Amino acid sequence: MWKLSLLCFLLLCSSAALVAAQGSRNNPSKWQTLTGSAPLVIARGGFSGLFPDSSLNAYGFAVQTGSPNLHVWCDVQLTKDGRGICFPDIRLENASDIDLAYPKGRNTYVVNGVSTQGWFSVDFTLKDLGLVNMRQRIYSRAPNFDGSLNQIQTVEDVVNQIQPPALWLSVPHDAFFSQHNQSMRSYIISVSRNIIVSYVSSPEVGFLRSVASRFRTGPTKLVFQFLGREDTEPTTNQTYGSLLTNLTFIKTFARGILIPKSYIWPVDNSLYLQDSSPIVVDAHAAGLEVFASNFANDAATMPYNYSYDPVSEYLSFIDNGNSSVDGVLSDFPITASATVDCYAHLGKNDTVTANVLVISNEGASGDYPGCTDKAYEKAVSDGVDILDCPVQITNDGIPFCLGSINLRDRTTAAQSDFINRATNNPDLAIQNGIFTYNLTWSEIQSLRPAIYNPYSNFTLFRNPKAKNDGNLMQLSDFLTFANASSVSGVIISIEDAAYLAKNQGLGVTDVVLDTLSKAGFTKKVMIRSSDSAVLSKFKSSSNYELVYLVDEDVRDILNSTILEIKKFASSVVVSKKSVFPTEQAFLTVETNVVPKLQAFNISVYVQFFRNEFVSQPWDFFSDPYVEINTHYSYMGINGVITDFPATAARFKRNRCLGYKTVPPYMSPVQPGGLLSIMAKQDLPPAEAPNPILTDESVIEPPLPPVKLPTTDTGSGSTAPGPVAPNGQSTLVGSTILSGIAILVAAFVLC
């Protein structure tokens, strides 16, 4: 039997956790499925999003981490000697190394009317295939498990070794095997006598009609699988799109339909959802179950409406208030299982089960341009706890919220006339920047904000329709908005204060203190900076929570360094890699950074949590909830800093953390678990360890006094300030200051 130890290498499990959740604890009456029961989770080829599709590791891991009634999916192919194997493609070389084992085994056959070259199961006996190893067939997924022993398995092998709760057999190519004198009908009927088969599906009407009488009664249900709308079904010679209009005909030989998810929620060419179709309601009215296919956490074509959140996608199919599919076919069954049991039918006011702060990163910057009114409004609507404002300052002394001192990073400045103000700043290590301190607030308002796309090199973009939506906000307006909202507080970030004071004559810390004192803000205020001098100044001038940003990945922090930090801060922000270091996107170990800081009564917030699957190590299964859960449940962090507050806020309310025994699909992962099951040749090369945070790294000299800048006629790193009618440069501390107050502010800043 497949070894349980694999699961315990990958997840922090216990024997109790593995038998938890014997059936969904959701109220069955809430489900709008045909039977009123919770939707099924069908694991396509097992956990094929991580391991080679249809391998024992894939099947075993799916069963151990999935829902108690998980159905494992097996694409049945027939060998030369009539054995049924589970294999995801009719061309064996697409998911195995058969081309290496049998370099002369390639053949040419007609498949669905198309002449096709490849290695086919009909040319090899089961014994022949014993020399073949399965491998990952999706090139964008980790190939590091291809070197493990992944032999091709028969249907009987999968059932006997894995003992899945339920079995779904897929028959995609009955016509092809008939052409080679192999009877898929005989095989399916034979295997069903010895094994309980819950579902048999096929895209071929002829095959389903040939076995319909055999399965009219009994536990096995027949399901008609729809391919592309314009594809032609071989028996009827009709397109699948036309067959969808004749559900009465389908009901004569099937008890359900399996359709691509785009049949239910169409997607336009811009990757936005269109209006949903009534197909689920219509099929239920005809007495047919409806199963949706093509779910994968790492699908680059996930519609933008879901904000790269796979749980949001599942919920739109099972908990949309109108209908629910009866099951989902997924490469990542752990996410589907958690969605059904932990996240469906949740309300924004449901009980919080995870005591972790949700802190925004430039508002909901995964959905709208960061630090705009749109991003902040979305973050509040999503349930953020702490709203953030990274403060920048203009040439005329106005503090406002923006994620970068370089306007090119977050606005359309590069496409504006201000491109002629681009300069190099060696002090900030920025080349050709258009800096906030070189433009007035009025000039910055003439720009449009621009959404930040941190993974554009993977062709993963954020909400293109809203890429320039919203308006930037002054700090004073941000505080007014936050004070009137449901958030519990704000976090204000200040960077480059020493440079701005010394080189640009701008006292950002003084301006922030002044703005806060005048705002009448009644909620929690947190001040964040990587400069201890900034925090020291605030400590002497306020009672705000001071948060030190460790702006590098570290593997440890000296005790003496923590004592230094406690002199000016009560909280710390660290990177994800300071908690779980990685090698080529695989977790290696956990550090002691979090528990060490917490032992000194310092709260730890971790950044940045993002939904794009490429932002997460492989160990988290391309699932942002698994990543958050592991940081929270395993390491006990105090808060997450995220571009997608909706995801983190939903995690806080997931009902599974409130169960007496947490189910395996809500268990944190074990750092280094994936490395432990790789073949030696597939291990990623060791990387240089991160540094240790020392006293010298956190001790900074006091902030320099604010000096008025001189006009730079050389390098151009400083642009001249606005010129008053008398020809003298002026500084304005606030737009509401009177003329006399402006003069006073100028003297203060000097």
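This report walks through a predicted model, from its annotated spans to its core, cavities and selected residues.

**Annotated spans**

The UniProt record, an unreviewed entry, carries the annotation "domain: GP-PDE" over residues 39-340 and 356-652. Residues 39-340 are 26% helix and 19% strand. The end C-alpha atoms of residues 39-340 lie 7 Å apart. Residues 356-652 are 31% helix and 21% strand. Here too the end C-alpha atoms are 7 Å apart.

**Nonpolar core**

The largest nonpolar core holds 178 residues. Which residues have the most contacts inside it? They are Val 155, Leu 169, Phe 224, Phe 226, Ile 257 and Ile 492. Take Leu 169 as an example. Beyond four places in sequence, Leu 169 touches Cys 74, Val 76, Val 155, Ile 188, Val 191, Val 197, Tyr 199, Val 200 and Ser 201. One of these partners, Val 155, is also on the list of residues with the most core contacts.

**Cavities**

Rolling a probe the size of a water molecule over the atoms shows where empty space is left. A search of the whole structure finds five cavities of 30 Å³ or more. The largest cavity has a volume of about 70 Å³. Its lining comprises Val 311, Ile 334, Thr 335, Ala 338, Tyr 343, Asp 623, Tyr 625, Val 626, Asn 629, Tyr 665, Met 666 and Ser 667. By class, the lining splits into eight nonpolar residues, three polar and one charged.

Two helices, α13 (333-343) and α23 (624-634), each supply at least two lining residues of the largest cavity. Which element gives the most to that lining? Helix α13 does, with four residues.

**Helix α24 and its surroundings**

Helix α24 spans residues 645-652 and is mostly covered. Seven of its eight residues are buried. The buried set is Pro 645, Thr 647, Ala 648, Ala 649, Arg 650, Phe 651 and Lys 652. These residues pack against α12 (310-318), α13, β13 (357-360), α14 (373-382), α23 and β26 (639-642). Two of the packing partners, α13 and α23, also contribute to the lining of the largest cavity.

Lys 652 sits in α24. Is Lys 652 buried or exposed? Lys 652 counts as buried because its relative accessibility is 11%, and the cut-off for buried is under 20%. Outside its neighbours within four places in sequence, Lys 652 contacts Thr 351, Val 352, Thr 353, Ala 354, Val 356, Val 358 and Asp 385. Pro 172 is 480 residues from Lys 652 along the chain, and their C-alpha atoms are separated by 41 Å.

Ser 360 is found in strand β13, one of the elements that α24 packs against. Ser 360 is buried, with a relative accessible area of 0%. Setting aside residues up to four places away, Ser 360 touches Val 384, Ile 386, Leu 387, Asp 388, Ile 641, Thr 642 and Pro 645. Of these partners, Pro 645 is a buried residue of α24. Ser 360 and Tyr 376 are 16 residues apart in sequence, with C-alpha atoms 8.7 Å apart in space.

**Backbone geometry**

Two asparagines have a positive phi, in a residue other than glycine. The table sets them side by side.

| Residue | Phi | Loop | Relative accessible area |
|---|---|---|---|
| Asn 112 | near 55° | between β4 (107-111) and β5 | 56%, exposed |
| Asn 237 | near 60° | between β9 (221-225) and α9 (240-243) | 62%, exposed |

Where is the cis peptide bond? It joins Gln 607 and Phe 608, with omega about -15°. Phe 608 lies in strand β25 (residues 603-609).

**Gly 147**

Gly 147 lies in the loop between β5 (114-118) and β6 (153-154). With 32% relative accessibility, Gly 147 counts as partly exposed. Apart from neighbours within four places in sequence, Gly 147 is in contact with Ala 679, Gln 681 and Asp 682. Gly 147 and Lys 523 are 376 residues apart in sequence, and 55 Å apart from C-alpha to C-alpha.

Note on methods:
Residues numbered from 1 in each chain as written. Predicted model: local features only at pLDDT ≥ 70, side-chain atom pairs only at ≥ 80, totals over all residues. Heavy atoms only, no water. Core = buried A, V, L, I, M, F, W, Y, C linked by side-chain atoms within 4.5 Å. Buried < 20%, exposed > 50% of the residue type's maximum accessible area, 1.4 Å probe, protein only. Contact = heavy atoms within 4.5 Å. UniProt positions renumbered as here; feature names shortened; annotations may be inferred. 1 Å grid on protein atoms, 1.4 Å probe; cavity = no way out; pocket = protein on both sides within 12 Å on 5 of 7 lines; lining within 4 Å. Points joined across faces, edges and corners; volume = space filled by probe spheres on them. Nonpolar A, V, L, I, M, F, W, Y, C, P; charged D, E, K, R; others polar.
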